[in-house]
Amino acid sequence: MKNLIFSVVLLMTISVSAQKYFTKTGITEFKASVEAFEPVEAVNKSTTAILNVENGDIAGLLFLKAFHFKVALMQEHFNENYMDSDKYPKATFKGRILDFSFDELTEDGKLLKLDGVLNLRGKDKAISTIAKLTKVGDKIQVTSTFSVEPQDFDIKIPGIVKDKIAKTINVRLNYELIEKK
Amino acid sequence: MNLSKRSKIALSILVLVILGGVYAYKVAYKPHKTIDEREVKFSGTAQDFIKTVKQDATIWQDVVVELSGSVTAKDEQGLTIEESVFCQLQDKAQLENLAQGQTITIKARMIGFDDLLEELKLDQTKIIE
């Protein structure tokens with residue numbers, strides 16, 4: 001009897017420990033370019049993302065200094081003047097993919113609602129967008145786009161460059177998640 | 001040359017403007033510093049570095065480090081040293097000759113401490129030994 005109870009408890013704990021998919025090298029890009037001016041865009045290829053495939057919870061983390069710009073000086077300005085990366089080194093995201101079901105994922109991709117909170121420079125901003133989830137072999141690919149505005153995070157753009165930086169910034173993510181063992 | 005005083009002045013100003021322009025362009029479009037051009041802020045074993053970072057993670061961001069330790073995992077994207085130092089390689093071809101358990105020394109840029117996965121994140125990694 002004792003053994004039976006033990007086995008049942010063991011089985012329960014196994015099924016409770018959530019199954020997760022993750023990446024350490026997710027790609028997060030943003031574009032704030034204005035036509036006819038030097039493109040303002042950067043890519044971060046070291047984004048961490050973890051998806052709980054049992055309930056669709058998703059968490060992301062990136063370091064601002066890992067954003068790579070084509071122009072080195074722009075990268076310096078981004079970290080020093082706009083993002084204050086020494087003080088606020090990370091951007092985090094916590095959210096949920098609604099109606100997520102691992103078994104319903106296909107190779108053609110499924111569009112699902114993604115809701116969450118983006119934290120940047122110590123400020124929270126609610127994000128509501130659509131994510132595309134695709135099953136690629138034993139990986140799950142998550143892609144999505146959303147836009148934010150500099151004032152959402154109290155980022156002040158000086159008058160002299162105001163016309164060269166877009167009012168809305170488009171963010172694009174592309175994460176290839178593998179099973180976390 | 002028999003130039004009038006005025007054209008001499010105009011010519012010098014033109015030369016200065018061009019030089020200034022070239023200089024401004026060089027400053028604005030200077031290339032990214034490679035990890036070899038930057039100062040190495042920590043050199044030692046990966047285990048010592050993990051301990052050092054855990055004391056105060058805020059100062060260990062965007063710095064160049066040299067670490068040695070044994071390879072505990074590798075995948076298409078990079079390698080892990082001492083279970084909690086994840087390195088993205090500059091040249092992924094360097095991964096092929098690596099075996100798990102092998103002791104290596106790397107030079108890389110420490111990005112920061114990833115508190116979601118509880119590990120250190122490095123990129124631009126070069127395997128030195």
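Student: What makes residues of chain A and chain B count as part of the contact, and how many does each chain give?

Tutor: Two residues are in contact if their C-beta atoms, placed from the backbone, lie within 7 Å, and the contact takes 14 residues from chain A and 17 residues from chain B. On the side of chain A that touches chain B, nine residues are nonpolar, three polar and two charged, where Ala, Val, Leu, Ile, Met, Phe, Trp, Tyr, Cys and Pro count as nonpolar, Asp, Glu, Lys and Arg as charged, and the others, Gly among them, as polar. This is a predicted model, in which local features need pLDDT of at least 70 and side-chain atom pairs count only at pLDDT 80 or more, while totals for chains, interfaces and linings use all residues. Residues are numbered from 1 along each chain as its sequence is written, and chains are lettered from A and ligands numbered from 1 in the order in which they are written.

Student: Why is α1(B) said to lie largely in the open?

Tutor: A residue is buried if 20 or more other C-beta atoms lie within 10 Å of its own, exposed if 12 or fewer, and partly exposed in between; the number buried among the 24 residues of α1(B) is zero, so the helix lies largely in the open.

Student: How do you know that the span of helix α1 (residues 5-28) of chain B agrees with what is expected?

Tutor: The expected span is 1.5 Å times one less than the number of residues, so the 24 residues should span 34 Å, and the end C-alpha atoms are indeed 34 Å apart.

Student: Which residues touch the most other members of the largest nonpolar core?

Tutor: Among them are B:Leu67, B:Val85 and B:Leu122, in a core of 35 residues.

Definitions and conventions:
Core = buried A, V, L, I, M, F, W, Y, C linked by C-beta atoms within 7 Å. Helix = DSSP H or I, 4+ residues; strand = E, 2+ residues; numbered from the N terminus.
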